[in-house]
Amino acid sequence: MEIAEKLGTRRIAIIGNPNVGKSSIFNQLTGLNQKIGNYPGMTVDKMVGYFNKGEQRFELIDLPGTYSLLPKSEDEVIAHKVLNGQGEEKPDAALVILDACNLERSLLLGTQVMDLGIPIAFVINMKDLAEERGLQIKTFALYQALGVPLVMTDARNNQGIDTVKSLFIEDKFVVGKPFHELDFPELLGVVQEKFGFSQPYQAFQQLIFASFDPTLSEEKRIWLEERAKAFHFDPQEQQTKETTDRYQKIKELLSKSVLSGTNEPRKFHGKLDAIFLHPVWGYLTFFGIMLLIFQAIFAWAEAPMYFIDSTFASLSSWVVETLPPGVFTDLLAEGIITGIGGVVIFIPQIALLFGFLAFLEDTGYFSRVVFLMDRIMRPFGLHGKSVVPLISGMACAIPGIMASRNISNSKERLITILVTPWMSCSARLPVYVILIGLTVPDEAWMGINFQAIALLVMYLFGTVFTLLGAFALKFIIKTKEKSFLMTDLPIYRMPRLQTVFLTMFNKSKIFVFEAGKVILAISIVLWVLASYGPSGRMEAVEAEKIAMLENATDSEKEEIMHVYASKELESSYIGILGKSIEPAIRPLGYDWKIGIALLTSFAAREVFVATVATIYSVGEEVEDELTIRQKLEKQVHADTGEKVFDRATGFSLMVFYALAMQCMSTVAVVYRETKSWKWPVLQTIFMTIIAYLGALATYQIFS
Amino acid sequence: MTAAGLNNNTVHEIASITNSNLLVRMMEMGVLPGKKISLLKKAPFKGPMAFIIDGNILALRIEEADLIHLKAE
């Protein structure tokens with residue numbers, strides 16, 4: 001029955017060249033109705049969106065942008081798997097987005113998809129740009145030649161989207177007649193049979209993908225390679241031939257249906273590029289734009305972060321007051337709520353950073369930055385595209401590491417991911433501020449304050465180590481992949497705010513749910529370690545405290561509470577752990593109290609402030625850096641009577657925080673991006689060793 | 001001569017592309033024999049070069065540009 005047939009979900013894959021406006025169209029069709037999943041065994045995210053028309057539901061799969069279906073990276077492997085139903089459910093249809101100003105190039109992909117035998121339709125986007133260039137596209141002639149429905153759109157200005165929707169609703173997708181003629185009929189026939197393909201081109205693709213698909217079984221791979229050898233099928237040669245032949249045919253086809261205009265980039269864009277690509281102005285404007293962005297992030301994130309901090313603190317207190325006292329209440333209030341708060345407080349900064357990055361990328365500016373920075377990045381084993389992760393690492397490494405996805409060379413991407421945490425992130429700032437205040441005189445030299453210079457030195461220090469680390473890794477990590485740049489510098493466009501917000505929203509969501517799980521788990525573990533101690537000790541301290549409070553005057557009570565908070569921490573598991581590592585950290589100039597702070601900071605660097613406040617009995621509510629600093633200044637070693645936080649210790653501590661891996665969120669994200677625990681674990685161990693050695697050297701030099 | 005040797009923005013025609021494992025990728029991005037190419041900008045210190053090919057701006061490293069052979073004028 002017709003009605004019954006229409007129910008259920010129609011699945012359509014969307015594919016197109018990079019910078020063709022595919023995401024714009026995808027976003028307009030699906031809005032907030034998007035979901036991010038993953039392809040097993042791959043790093044690329046699975047972007048899926050939905051829209052409904054009456055009873056009918058449409059699921060749209062946004063495939064990664066690519067110039068062809070021939071394998072070069074994971075992007076093409078995914079397109080191949082999805083469109084051929086290999087390990088992924090095959091869609092009912094495919095929508096190919098073409099570039100009105102680049103029909104020749106985009107039809108390479110278009111005709112390849114046609115030859116897979118899947119029902120398709122074409123969308124020719126950016127028709128406004130084509131009109132400006134005087135390009136006339138005879139859509140009917142094109143339709144006749146290709147045999148596939150065409151819709152002209154200008155996605156940025158909302159034109160044609162309804163027509164695209166009607167393609168879905170009225171199911172206008174059609175299986176085109178095969179475009180490209182293939183050789184090797186017997187070989188293709190044999191492969192077709194083995195894999196259950198309906199079209200010879202699918203078999204052709206499978207042969208080419210034999211060595212590229214990481215999820216293909218060993219048995220199948222060997223079978224394909226042997227068959228190819230038997231028939232003298234050289235994948236590399238065949239790809240070149242296919243591409244050349246296709247272009248030939250496409251050119252002929254287009255000569256009859258497209259009248260070209262001037263086909264030059266707009267004058268205005270030329271003026272922008274004159275600045276952005278300029279050997280001097282280019283770098284200066286980049287520097288200026290980065291400064292503006294960081295300024296905005298710090299300024300705009302402050303209020304929401306403060307709000308989140310106080311909300312979670314209130315929530316925690318409310319739980320303690322309302323629920324009956326006991327382990328569960330404490331776990332909820334201090335472990336879980338604090339842990340979740342620790343994740344949520346990241347959100348304003350990260351979301352803003354994602355937003356700005358998406359904004360800049362959408363304008364087309366980033367490819368210019370990559371162009372300017374490539375030469376500088378290469379000696380360090382990095383790619384021009386590494387500049388985005390590194391720069392964003394100065395605010396927070398997490399969006400940066402997630403952004404390293406678009407570096408296609410796996411070695412360059414891995415090195416970028418591994419060294420980005422050495423860029424001085426904003427979490428280190430509270431630590432630096434307190435320690436610099438304790439150890440560097442507040443005087444000026446030639447009009448510049450010493451303390452400001454010290455802060456700048458710390459930032460430079462981080463950057464230097466990042467580059468040194470990358471340089472070292474260049475020799476350690478091996479790959480056979482060739483490095484290349486070859487990118488499009490797309491037309492400058494005003495970014496669509498909808499796209500920017502959706503990207504911001506989706507990426508922040510990924511962070512909250514993925515990194516969030518890890519952070520929550522570790523927060524709870526740390527809370528347990530800090531709240532419980534070996535039998536008897538903590539209870540004894542508690543009893544002592546109660547006794548002291550009974551005999552104390554009201555004014556003394558607060559002081560007693562603070563002193564005993566510190567003593568309780570001392571007798572907890574983590575306090576004992578701190579004491580046990582003391583011999584190891586003495587040479588760095590630290591005592592067991594600082595040791596505890598180092599351990600808790602493993603969760604997040606800024607936890608240093610809260611921990612130090614507790615250990616030195618400042619009181620948990622006081623996070624005022626000035627108050628903390630005053631307390632720290634008075635601390636003396638019990639045995640020698642000398643200051644704990646002297647210059648040597650202070651510098652050594654700053655070096656430690658600059659170099660150590662003290663951020664669970666980063667560890668979680670590195671795991672996600674490298675798809676294994678090997679790298680984040682190695683990274684943590686290695687960074688901690690370097691931090692130890694660096695701090696050791698610093699202390700020995702300055703003491 | 002190759003595209004790596006271009007110094008000004010005169011328009012040339014691509015004669016051929018050296019065979020390498022970047023060949024298919026280049027063709028996919030629209031670098032094809034017969035197309036017109038001109039230099040837009042060079043990044044400093046022997047950095048990448050930006051070319052205009054068929055109305056698109058393409059950034060290539062010097063060694064990549066060296067694969068594109070131009071028709072002698």
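Helix α2 of chain A, residues 22-30, is a good place to start in this predicted model. Helix α2(A) lies across β1 (9-16), β2, β3, β4 (56-62), β5 and β6 of chain A, and runs at about 45° to β3(A). Helix α4(A) also packs on the sheet, where it touches β1, β5 and β6 of chain A. The direction of α4(A) makes about 170° with that of β5(A).

Now let us walk through the sheet itself. It is an open sheet of seven strands in chain A, with the order β2-β3-β4-β1-β5-β6-β8 and mixed pairing. At the edges stand β2 (34-38) and β8 of chain A. Each of these has a single partner strand, so one side of each is left without a neighbour in the sheet. On average, neighbouring strands are turned by 25° against each other, direction ignored.

Take the β2 edge, if you will. β2(A) pairs with β3(A), residues 45-53, in the antiparallel sense over five bridges. To find this pairing on the model, look for A:Q34, whose bridge partner in β3(A) is A:G49.

Towards the other edge, the pairing is parallel. β5(A), residues 93-99, joins β6(A) in the parallel sense over six bridges, and A:A94 stands opposite A:I120 in β6(A). β6(A) in turn pairs with β8(A), residues 150-152, again in the parallel sense, over three bridges; here A:F122 stands opposite A:L150. The connection from β5(A) to β6(A) is worth tracing too: with helix α4(A), residues 103-114, these two strands make a right-handed β-α-β unit.

β6(A) deserves a further look. Six of the six residues of this strand, 120-125, are buried, so β6(A) is largely enclosed by the rest of the structure. Both of its faces are covered. On one side are A:I120, A:F122 and A:I124, and on the other are A:A121, A:V123 and A:N125.

Finally, turn to the nonpolar cores. The largest has 98 residues, and those with the most contacts inside it are A:Y590, A:F645 and A:L653. Leaving aside residues up to four places away in sequence, A:L653 touches A:L435, A:Y590, A:I594, A:L598, A:F608 and A:F645. Two of the residues with the most contacts in the core, A:Y590 and A:F645, are thus named again among the neighbours of A:L653. Apart from this core lies another, of 64 residues, including A:Y39, A:C101, A:L150 and A:Y201. A:L150 brings us back to the sheet, as the residue of β8(A) that A:F122 stands opposite.

Conventions:
Residues are numbered from 1 along each chain as its sequence is written. Chains are lettered from A and ligands numbered from 1 in the order in which they are written. This is a predicted model: local features need pLDDT of at least 70, side-chain atom pairs count only at pLDDT 80 or more; totals for chains, interfaces and linings use all residues. Side-chain values use heavy atoms; hydrogens and water are left out. A nonpolar core is a set of buried Ala, Val, Leu, Ile, Met, Phe, Trp, Tyr and Cys residues joined through side-chain atoms within 4.5 Å. Buried means under 20% relative accessible area, exposed over 50%, partly exposed in between (1.4 Å probe, protein chains only). Contact means heavy atoms within 4.5 Å. Helices (H or I, at least four residues) and strands (E, at least two) are DSSP runs, numbered from the N terminus. Two strands pair if DSSP finds at least two bridges between them. A crossover is right-handed if, with the strands pointing away from the viewer, the path from the first strand over the helix to the second runs clockwise. Axes are lines fitted to C-alpha atoms, for helices over the stretch in contact, and angles run from 0 to 180 degrees between N-to-C directions.
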